[in-house]
Amino acid sequence: MKPEDEAWMRLREHASSRITPGFPDRVLRAARAKPSPLLVSHFAMCAGTAALCLAAVALFHAGNSGDDEASNLASWNEVAAQANDLEQGL
Amino acid sequence: MDESSTTTLGERVRRAQRGDQPAMRELIVSYQRRVAGFVYAVTGRSDSVEDIAQVVFIKMARSVARLKAPEQFEPWLFRLARNTCIDHLRRQKLRRIFLPFAPEHENVPEPAGAVDSEELDALRHALSQLRPKDRALIALVQEGRSHAEIADVFRTSVAAVKARLHRAREQLRQHYTSDET
């Protein structure tokens, strides 16, 4: 047997020593269990957070675009008034 | 594996597929050592071997009914194990981005007495120098999987498996021997 093979054998032995008694029964119990309510509530919380973030972004965007529109309109009025004044002056 | 044991395994898998719990239990008992060894070779952490092996067998129990060829149970199980290990390592990597630990917390040594031989320590060190996918490749070969089966697990060609395996073995040998000297 090569020293490498012996090392692989020891690796398997060491790994299987980490499996505690009752492992198959624990696995079968866990496999039969439905997804925990904790997991479901975790997903619900993620979805809620995402919805809140989306709403906040939409509100911020709507507020910003309203402000931009008002400031554009004000600048446009100012330009129009200046043009009027200039016309009357001529 | 001889023909009779394949038949026995196939029969056991078929019973498990019909929901027979003792057959499922027998499958877990027969493969827990090999899956644990595989998980350890790929992840390099003995403290997570049981948790990851448990995830592998839970996946097995929940999806064995969908396995079309019961004779292909072994390669299928090791594909589950390989994917679970790679997912685990990927999640760990992501966690490191969000929760950066200091290097001394990253490489917590195995508990005292856990690694009791120099050969095992050298092999662990050499494996840790390889990419996780190469570790999985070598561990699958050690599990006696054929090149064709490994190609199926990695969804690649047999020629690609041979080339990659050659490189991975070379690398492993280099690190293994340099660690021993």
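**Exercise 1. Find what share of the contacts in chain B between residues at least 6 apart in sequence join residues at least 24 apart, then describe the chain's elements.**

Step 1. In chain B, 66% of the contacts between residues at least 6 apart in sequence join residues at least 24 apart. Keep in mind as you work that this is a predicted model.

Step 2. Now list the elements. Chain B has 9 helices and 0 strands, and from the N terminus on they run α-α-α-α-α-α-α-α-α.

Step 3. Add the burial. Chain B has 181 residues, and 44% of them count as buried.

**Exercise 2. Work out which residues touch the most other members of the largest nonpolar core, and follow Phe73(B) through its contacts.**

Step 1. The largest nonpolar core has 63 residues, and the ones that touch the most other members are Phe38(B), Phe57(B), Met60(B) and Phe73(B). Helix H2(B) gives the most to this core, with 12 residues.

Step 2. Take Phe73(B) and leave aside residues up to four places away in sequence. Its partners are then Leu9(B), Val13(B), Leu27(B), Tyr31(B), Met60(B), Val64(B) and Leu67(B). Met60(B), one of these partners, is also among the residues named in Step 1.

**Exercise 3. Describe the contact between chain B and chain A, beginning with how many residues each chain gives.**

Step 1. Chain B gives 36 residues and chain A gives 25 residues. Between them the two chains bury about 2900 Å², and 65% of that area lies on carbon and sulfur atoms.

Step 2. Count the polar links. There are 10 residue pairs in polar contact between the chains, both residues being at pLDDT 80 or more.

Step 3. Place the chain B side on its helices. The elements giving two or more residues are H2 (21–43), H3 (49–63), H6 (118–128), H7 (132–142) and H9 (158–180) of chain B. The largest share, 11 residues, comes from H2(B).

Step 4. Sort this side of chain B by residue type: 20 are nonpolar, 7 polar and 9 charged.

Step 5. Turn to the salt bridges. Chain B and chain A share 3 of them, and in one salt bridge the side chains of Glu50(B) and Arg26(A) meet at 2.3 Å, N to O.

Step 6. Look at Gln54(B), which sits in helix H3 of chain B. Its contacts, not counting residues up to four places away in sequence, are Phe23(A), Arg26(A), Val27(A) and Ala30(A). Gln54(B) counts as buried because its relative accessible area is 18%, and the cut-off for buried is under 20%.

**Exercise 4. Decide whether H7(B) is largely enclosed or exposed, and say which of its residues are buried.**

Step 1. Of the 11 residues of H7(B), 8 are buried, so this helix is largely enclosed by the rest of the structure.

Step 2. The buried residues are Asp134(B), Arg135(B), Ala136(B), Leu137(B), Ile138(B), Ala139(B), Leu140(B) and Val141(B).

Step 3. Check what follows the helix: just after H7(B), Gly144(B) takes a positive phi of about 85 degrees.

**Exercise 5. Examine salt bridges of chain B, and ask why Asp87(B) and Arg90(B) are separated by about one helical turn.**

Step 1. Begin with the total, which is 21 salt bridges over all chains.

Step 2. Asp87(B) and Arg90(B) form a salt bridge, with their closest N and O atoms 3.8 Å apart. They are separated by about one helical turn because they are 3 residues apart in helix H4 (residues 73–98) of chain B. Both are partly exposed: Asp87(B) has a relative accessible area of 31%, and Arg90(B) has 48%.

Step 3. Compare two further pairs. Arg18(B) meets Glu11(B) at 3.9 Å, N to O; Arg18(B) is exposed at 61% relative accessible area, whereas Glu11(B) is partly exposed at 35%. Arg15(B) meets Asp20(B) at 3.4 Å, N to O; Arg15(B) is partly exposed at 25%, and so is Asp20(B) at 24%.

Step 4. Finish with a network of salt bridges, which links Arg12(A), Arg34(B), Glu74(B), Glu143(B), Arg145(B) and Glu149(B).

How values were computed. Residues are numbered from 1 along each chain as its sequence is written. Chains are lettered from A and ligands numbered from 1 in the order in which they are written. This is a predicted model: local features need pLDDT of at least 70, side-chain atom pairs count only at pLDDT 80 or more; totals for chains, interfaces and linings use all residues. Side-chain values use heavy atoms; hydrogens and water are left out. Contact means heavy atoms within 4.5 Å. Buried area is the accessible area (1.4 Å probe) that two parts lose on being put together, summed over both. A salt bridge is a side-chain nitrogen of Lys or Arg within 4 Å of a carboxyl oxygen of Asp or Glu. A polar contact is a pair of N or O atoms within 3.5 Å; within protein, one must be able to donate a hydrogen and the other to accept it, and residues adjacent in sequence count only if both atoms are side-chain atoms. Helices (H or I, at least four residues) and strands (E, at least two) are DSSP runs, numbered from the N terminus. Ala, Val, Leu, Ile, Met, Phe, Trp, Tyr, Cys and Pro count as nonpolar, Asp, Glu, Lys and Arg as charged, and the others, Gly among them, as polar. A nonpolar core is a set of buried Ala, Val, Leu, Ile, Met, Phe, Trp, Tyr and Cys residues joined through side-chain atoms within 4.5 Å. Buried means under 20% relative accessible area, exposed over 50%, partly exposed in between (1.4 Å probe, protein chains only).
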